[in-house]
Amino acid sequence: MKNRSENSTGRGQILSILQVNSYSIDQKSGEIWTGQADLQPISFKSDRLLDMSKVCLYVSDVLGAYGFPGGHPFGTDRQQAFWRETVRQGLDRKVSLCEGGIATRTELERFHTPRYLDRVRMLSDTGLGFIDGGDTPAFVGVYEAAAAVVGAALAGLARVMTNGANEANDAHDCARTFQPIGGLHHARRDAAAGFCVFNDIGIVIETLRAQHRVKRIAYIDIDVHHGDGVFYSYQDDPDLIFADIHEDGHYLYPGTGGADETGRGKAKGTKLNIPLRPGAGDKEFFAAWEKAEALLTKYKPEFFLFQCGADSLAGDPLAHLNYSEATHAHAARRLRILADRYAGGRIMGFGGGGYNRKNIAEAWNAVLAEFITTSA
Ligand SMILES: [Zn+2]
């Protein structure tokens, strides 16, 4: 395996998300990069059908600006790829459309080191070079764009915590959020990685604990890549219940997430990593999902965070799993039900990765549709 090194856990790590083996490059066409570039954007406005939607959807021009230039697979057209389909399906009329602000330095410091934030600040001013080893290029304004992803997540969290457990189904009752541009699960406390600058998930976890006294939190990740930035930040934390189904790290970035990584010390057993072989599809996912659900049922989390990367669907240019969007619909439906059972309905969904625009549209809207549904 080229471009591998040993990380601090001694486990082989693949350092680049873009330098995948030739298997994926040769088999997939390049047209997914620019498939929607010529289409006119659709504005983030809607005539709402429901005034009492339980779902807040975070989409905005500011959020859409989180993406990298020059034909990068994580381009700025991803949010529109999702939103175009949201409107086509009429789901935009069944949610509350929301916008967040830009996260402050203090908020970012709940997870990230001051030194790292200084470095991103500097690279954002110059727009030169890479923030990590070569996957995540700097551009002018990248700090603000990344802080907007966190700002939306924190705004969503505030709404869910204010209203989610509210018995009265008033006009602002929002128990679930979905944020297509978010779930940046590779970012570490002191480093960017794999297109992820600030780890919005980590900042939400820290905020839940510091400000809302919510301790036992579930993080479920079905992105094709292992959520290493979340896993290694909380592998000693017995109250962070972690379930991650991903392509086996022997074949894919970041190279981690082996089945033997179940948490350390007091946290042993609170983490579940399920690597799947290249080519695995819905059948393998559904079998793995039962294990994830058993973990959640055992620990009964008070809050659910769901990273539903669309890069695990068949035809993603950076990976080799073969799911259909039925996997994402199933996971979202089951998590909605479990969140209703254990967590006062509180769940936040994040789009994560996904580089085939059609898959983004289908997988993320499948999740949104399940969040909108209120019956079991
Ligand atoms: Zn991914």
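This briefing describes two helix pairs and the residues through which they touch. The model is predicted, and the angles and distances given here are computed from it. Two packed helices are described by the angle between their axes and the distance between the axes. One pair consists of α9 and α10, and the other of α3 and α11.

**Helices α9 and α10**

- Helix α9, which covers residues 282-299, and helix α10, which covers residues 326-342, have axes that come within 10 Å and cross at roughly 15°.
- Because angles under 35 degrees count as roughly parallel, α9 is described as roughly parallel to α10.
- The crossing that α9 makes with α10 is right-handed.
- On the α9 side, the contact is formed by Asp282, Phe285, Phe286, Trp289, Glu293 and Leu296, while α10 contributes Ala326, Thr327, His330, Ala331, Arg334 and Leu338.
- Sorted by class, the residues in this contact between α9 and α10 comprise 7 nonpolar, 2 polar and 3 charged.

**Helices α3 and α11**

- The axes of helix α3, spanning residues 78-88, and helix α11, spanning residues 357-372, come within 8 Å and cross at roughly 55°.
- With that crossing angle, α3 and α11 are therefore oblique to each other.
- Where α3 passes α11, the crossing is right-handed.
- The contact draws on Arg78, Ala81, Phe82, Arg84, Glu85 and Thr86 from α3, and on Arg357, Ile360, Ala361, Trp364, Asn365 and Leu368 from α11.
- In the contact of α3 with α11 there are 6 nonpolar residues, together with 2 polar and 4 charged ones.

Note on methods:
Residues numbered from 1 in each chain as written. Predicted model: local features only at pLDDT ≥ 70, side-chain atom pairs only at ≥ 80, totals over all residues. Axes fitted to C-alpha atoms, helices over the stretch in contact; angles between N-to-C directions. Helix = DSSP H or I, 4+ residues; strand = E, 2+ residues; numbered from the N terminus. Parallel < 35°, antiparallel > 145°, perpendicular 65-115°, else oblique. Left-handed = near helix turned anticlockwise from the far one by under 90°. Contact = placed C-beta atoms within 7 Å. Nonpolar A, V, L, I, M, F, W, Y, C, P; charged D, E, K, R; others polar.
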